[in-house]
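Good morning, everyone, and thank you for making the time. I would like to walk you through one model, beginning with the ligand and its surroundings and then turning to a pair of helices.

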Amino acid sequence: MAQEDIFKKLVAHCKEYGYVFQSSEIYDGLGAVYDYGQNGVELKNNIKKYWWDSMVLLHENVVGIDSAIFMHPTIWKASGHVDAFNDPLIDNKDSKKRYRADVLIEEQLAKYEEKMDKEVAKAQKRFGDAFDEKQFRETNPRVLANQEKWNALHQRFSDALNASDLAELKKIIEDEEIVCPISGSRNWTDVRQFNLMFSTEMGSTADGALKIYLRPETAQGIFVNYLNVQKTGRMKIPFGIAQIGKAFRNEIVARQFIFRMREFEQMEMQFFVKPGTELEWFDLWRETRIKWHRALGFGDDNYRFHVHEKLAHYANAAVDVEYKFPFGFKEVEGIHSRTDFDLSQHQKYSGKKIQYFDPELGESYVPYVVETSIGVDRMFLQVVSASYCEEEVESNGKVDTRVVMKLPPVLAPVKLAVMPLVKKDGLPEKAREIIDDLKFDFNCQYDEKDSIGKRYRRQDAIGTPFCVTVDHQTLEDQTVTIRYRDTMEQDRVAISELKNIIADQVSFKKLFAKLK
Ligand code: ATP
């Protein structure tokens, strides 16, 4: 099945099984805003716990905060967001659709990559085991021609971005003959800058209301609390401050489901270091973060690093962690070395000294910062994309398709479903008894409707890793059938063993052990 079709199915599945709903759906929805349903919120909370604990529990020198969304408007002047938090946009005059000029060009680069990958895949099929991919890429004329086009475009694109040359971005779109996917035409407007911050007013107009912004990133809440945390926590450099919270961006192009939203959630950690050591810490956090992603077991080949074409004026290193979504490799997380830009700016605009007295050096300095910034919703999309699966299975001599969310058990919204084989003979009561015993440890679900086969499928679709069936034998010998989601194998086990079997599979501790 084409990746696009899989993605469509995934989106429909997320709705059907209570993961993600369009916001304000009964009013025809609100663009690029989504709500999380009964299963979505559990998965989201588990993702946040994985991130939070891996930062705050596992690092003695990382602490958390929860700062307000509303902040003094001067913060956004100091951070540069009022003047420079822009995206280059371009409109197609025929379809009246708006695009990000940089995204159109990135997609063109991805097309060249796809062409090369297709040649490689074809040759691989032809030559089998004897295939040497490296040699093929270095010698095949069609691959080389596309590589040359990619190199030239990449260079031109980087130069244009670095020079903020909007006319050149338009020229690239024209020269590459990029068409609007809706109208198919090349009738483009000029490229313009568009500020992404939402604003609102605080206070009554009679008092002179204050224009304030909905934060476009959570990081500034950390910077302006640097002194509070450092002093009250008696923190010594190097140390980090972590935060999870909502952020808002008036995205021009909001497509691809929860990949790009106007209201989303970020998990950010700012790590404060001695000037001059930031690149070492940058490398360390880059490795720490990729390990965190890989520990979930979605396949190491599905991740890559993307080094930024254009560094923000304050950054001296930046890299994205990209995951292979059904629509291609895309950013899930950014790791940035932000120098002392933010703290220095806040020092300047607030007039307050924001420095650290280093007892070893016997001097004060403005700390440098390495940031790790990941979107909760993009991480959610990574998890569900990696887990959604359609399988052919045999049941009662017939081949059937089962849809299963092979979520890492530790992240699954429901850990265990308990099902009485029939709705009588004391089996429902026994099933409830098991739930009552386990519900303080795991999120359990009781299910008695329909045949056992249908109930298994329902739990597969949600991603429940364990189903426990209570039958007549249970009443006699206190054993149940436990059925494993991924293998569909079943075991007969004592009720008293259930807790240990499940705990072992859904343990965060076990996951954290992979991060060492
Ligand atoms: P992009 O280039 O995709 O717009 P960005 O480079 O602007 O992303 P950052 O400002 O580095 O993103 O934000 C850090 C993280 O926040 C991103 O890696 C992503 O996971 C998440 N994020 C950013 N914008 C959005 C959005 N509109 N919707 C959902 N998540 C987002």
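If you look at the shell of residues around the ligand, the largest share of it, 5 residues, is contributed by β13, and I should say straight away that this is a predicted model. At least two shell residues each come from β10 (263-273), β13 (328-339) and β16 (368-375). In character, the shell is made up of 5 nonpolar, 5 polar and 7 charged residues.

Which of the 17 residues around the ligand come nearest? They are Glu251, Arg260, Met261, Glu331 and Val332. Taking the polar atoms one at a time, an N or O atom in the Glu251 side chain is 2.8 Å from a nitrogen atom of the ligand, while an N or O atom in the side chain of Arg260 is 2.7 Å from a ligand oxygen atom. Arg100 also has a polar side-chain atom that lies 3.4 Å from an oxygen atom of the ligand. On its own the ligand has 590 Å² of accessible area, and the protein covers 85% of that.

Let me now turn to the helices. The axes of α2 (residues 38-57) and α13 (residues 376-387) come within 10 Å and cross at roughly 110°, an angle that falls between 65 and 115 degrees, so the two helices are roughly perpendicular to each other. Where they touch, α2 brings Gly40, Leu43, Lys44, Ile47 and Lys48, and these meet Val376, Asp377, Met379, Phe380, Val383 and Val384 of α13. The residues of this contact divide into 7 nonpolar, 1 polar and 3 charged.

Conventions: Residues are numbered from 1 along each chain as its sequence is written. This is a predicted model: local features need pLDDT of at least 70, side-chain atom pairs count only at pLDDT 80 or more; totals for chains, interfaces and linings use all residues. Side-chain values use heavy atoms; hydrogens and water are left out. A residue is near a molecule or strand if one of its heavy atoms lies within 4 Å of it. A polar contact is a pair of N or O atoms within 3.5 Å; within protein, one must be able to donate a hydrogen and the other to accept it, and residues adjacent in sequence count only if both atoms are side-chain atoms. Accessible areas come from the Shrake-Rupley method with a 1.4 Å probe; for residues, only the protein chains shown count as cover. Helices (H or I, at least four residues) and strands (E, at least two) are DSSP runs, numbered from the N terminus. Ala, Val, Leu, Ile, Met, Phe, Trp, Tyr, Cys and Pro count as nonpolar, Asp, Glu, Lys and Arg as charged, and the others, Gly among them, as polar. Axes are lines fitted to C-alpha atoms, for helices over the stretch in contact, and angles run from 0 to 180 degrees between N-to-C directions. Angles under 35 degrees count as roughly parallel, over 145 as roughly antiparallel, 65 to 115 as roughly perpendicular and the rest as oblique. Contact means heavy atoms within 4.5 Å.
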